[in-house]
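The exercises below are to be worked with the sequence and the coordinates at hand. Each task is followed by a solution in steps.

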Amino acid sequence: MTALAPVPHQRSRGCVVLRVGPHGLIRMREEGAAKVRFPQGGAEAILINTGGGLAGGDRFAFDITTETGAALTVTTQAAERVYGSLGPAAEVEVKLTVGASASLAWLPQESILYNDAALTRRITADLGAGARFLAVESVILGRAAMGEVVANVHLADRWRIRREGKLIFADDLVINGKPPVSGATLGEARAFATIVLMAGDAEALVEPLRLAIGSAGAASAWSGKLVARLVARDGFDLRKALIPALAVLAMGNPLPKVWSL
């Protein structure tokens, strides 16, 4: 009897390329399950995954540029769900370029990792002279309200930020297996976030940011860089701290409306 060949798993692919100038959109390209929409002209872009989440072996790429003097805020339509993998990790590649005196805010909503999820994410940002760059990435390990328990997960998060070609920030976070529960790591928290601001006023904003964060985390600033870490019991409590924190760093600019839906 002839053995049946294994059926390959279906994989999702997506890519968005954006280039924005001081007078609006210059280039937009969409591929696969990755889409982008502009609800407020060219000042805000909303990324959409029409595949409904990420599974093992999926690959998405985002290449976003704000040219000299331009400003753009990028967010996502909803929290991204990362489902259990049968082996390979879902891969997300984010390439951000901020021209001289330009501004880019990378503000995706949370990534929700389910049990046995596997995600590899790489974020690179290249900043020009005088560029302002604000970014956040937040992770929720299961939905507490649904009684979900994440006992095994793989997350590899890699950040590299350069200004005028010089590396100014590098960060790697890896969880491989059971989420860490020591007092020096997550403890009982199951939601966490990293906020990064690269700007001339970064050090002046650290005290207002600490007040906004309260007991949910901590922040430091030096040499035009600001980094904050937040932890919370669940996604609801994390967002309660994240929204006022990002409002401080956005300098009066409203956060994307999808954050409040």
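Accessible areas come from the Shrake-Rupley method with a 1.4 Å probe. The model treated here is predicted.

**Exercise 1. Surface and overall dimensions**

Task: State how much area the chain exposes and what part of it carbon and sulfur atoms supply, then decide whether the radius of gyration agrees or disagrees with that of a compact globule.

Solution.
1. The chain exposes about 12400 Å². Carbon and sulfur atoms supply 55% of this area.
2. Of the 261 residues, 49% count as buried.
3. For a chain of 261 residues, the expected radius of gyration of a compact globule is near 18 Å; the chain has 19 Å, so the two agree.
4. Along the principal axes, the C-alpha atoms fill a box of roughly 70 × 45 × 35 Å.
5. The 28 positive and 24 negative charges have mean positions 2 Å apart.

**Exercise 2. Secondary structure and contact range**

Task: Give the number of helices and strands, and find what percentage of the contacts with a separation of 6 or more comes from residues 24 or more positions apart.

Solution.
1. The chain has two helices and 17 strands.
2. Among contacts with a separation of 6 or more, 72% are between residues 24 or more positions apart.

**Exercise 3. The nonpolar cores**

Task: Identify the residues of the largest nonpolar core that touch the most other members, and name the strand that gives the most to this core.

Solution.
1. The largest nonpolar core has 47 residues. Those touching the most other members are Phe 62, Ile 64, Leu 96, Trp 106, Leu 113, Phe 133 and Ile 161.
2. Strand β8, residues 90–98, gives the most to this core, with five residues.
3. A second, separate core has 35 residues, including Ala 202, Val 206, Leu 226 and Val 258.
4. Returning to Ile 161, and leaving aside neighbours within four places in sequence, its contacts are Ala 125, Leu 127, Phe 133, Lys 166, Leu 167, Ile 168, Phe 169, Val 196 and Met 198.

**Exercise 4. Positive phi outside glycine**

Task: Locate Ser 101 and Glu 164, and classify Ser 101 and Glu 164 as buried or exposed.

Solution.
1. Most residues other than glycine have a negative phi.
2. Ser 101 has a positive phi, near 60 degrees. Ser 101 sits in the loop between β8 and β9 (103–106).
3. The relative accessibility of Ser 101 is 54%, and the cut-off for exposed is over 50%, so Ser 101 counts as exposed.
4. Glu 164 also has a positive phi, of about 50 degrees. Its loop joins β13 (153–163) and β14 (166–177).
5. Glu 164 counts as exposed because its relative accessibility is 62%.

**Exercise 5. Two glycines in loops**

Task: Determine which residues Gly 57 and Gly 128 touch, not counting those up to four places away in sequence, and whether Gly 57 and Gly 128 are buried or exposed.

Solution.
1. Gly 57 belongs to the loop between β4 (44–49) and β5 (59–66). With a relative accessible area of 11%, under the 20% limit, Gly 57 is buried.
2. Beyond its sequence neighbours, Gly 57 touches Arg 11, Arg 13, Pro 88, Ala 89 and Ala 90.
3. From Gly 57 to Thr 185 the C-alpha distance is 28 Å, with their positions 128 residues apart in sequence.
4. Gly 128 belongs to the loop between β11 (118–127) and β12 (132–141). Its relative accessibility is 15%, so Gly 128 counts as buried.
5. Beyond its sequence neighbours, Gly 128 touches Val 98, Gly 99, Ala 100, Arg 163 and Glu 164. For Arg 163, 35 residues away in sequence, the C-alpha distance to Gly 128 is 5.8 Å.

**Exercise 6. Two strand residues**

Task: Work out which strand holds Ala 221 and which holds His 154, and list the contacts of Ala 221 and His 154, leaving aside neighbours within four places in sequence.

Solution.
1. Ala 221 is part of strand β16, residues 217–222. At 24% relative accessibility, Ala 221 counts as partly exposed.
2. The contacts of Ala 221 are Ala 202, Glu 203, Val 206 and Leu 226. Ala 202, Val 206 and Leu 226 are also among the members of the second core.
3. The C-alpha atoms of Ala 221 and Leu 197 are separated by 9.0 Å.
4. His 154 is part of strand β13. His 154 counts as partly exposed, at 24% relative accessibility.
5. The contacts of His 154 are Ala 89, Ala 117, Ala 118, Leu 119, Thr 120, Ile 175 and Asn 176.
6. His 154 and Lys 178 are 8.7 Å apart, C-alpha to C-alpha.

Definitions and conventions. Residues numbered from 1 in each chain as written. Predicted model: local features only at pLDDT ≥ 70, side-chain atom pairs only at ≥ 80, totals over all residues. Heavy atoms only, no water. Helix = DSSP H or I, 4+ residues; strand = E, 2+ residues; numbered from the N terminus. Rg over C-alpha atoms; globule rule 2.2 N^0.38 Å. Buried < 20%, exposed > 50% of the residue type's maximum accessible area, 1.4 Å probe, protein only. Contact = heavy atoms within 4.5 Å. Lys, Arg positive; Asp, Glu negative; His and termini not counted. Charge placed at Lys NZ, Arg CZ, Asp CG, Glu CD. Core = buried A, V, L, I, M, F, W, Y, C linked by side-chain atoms within 4.5 Å.
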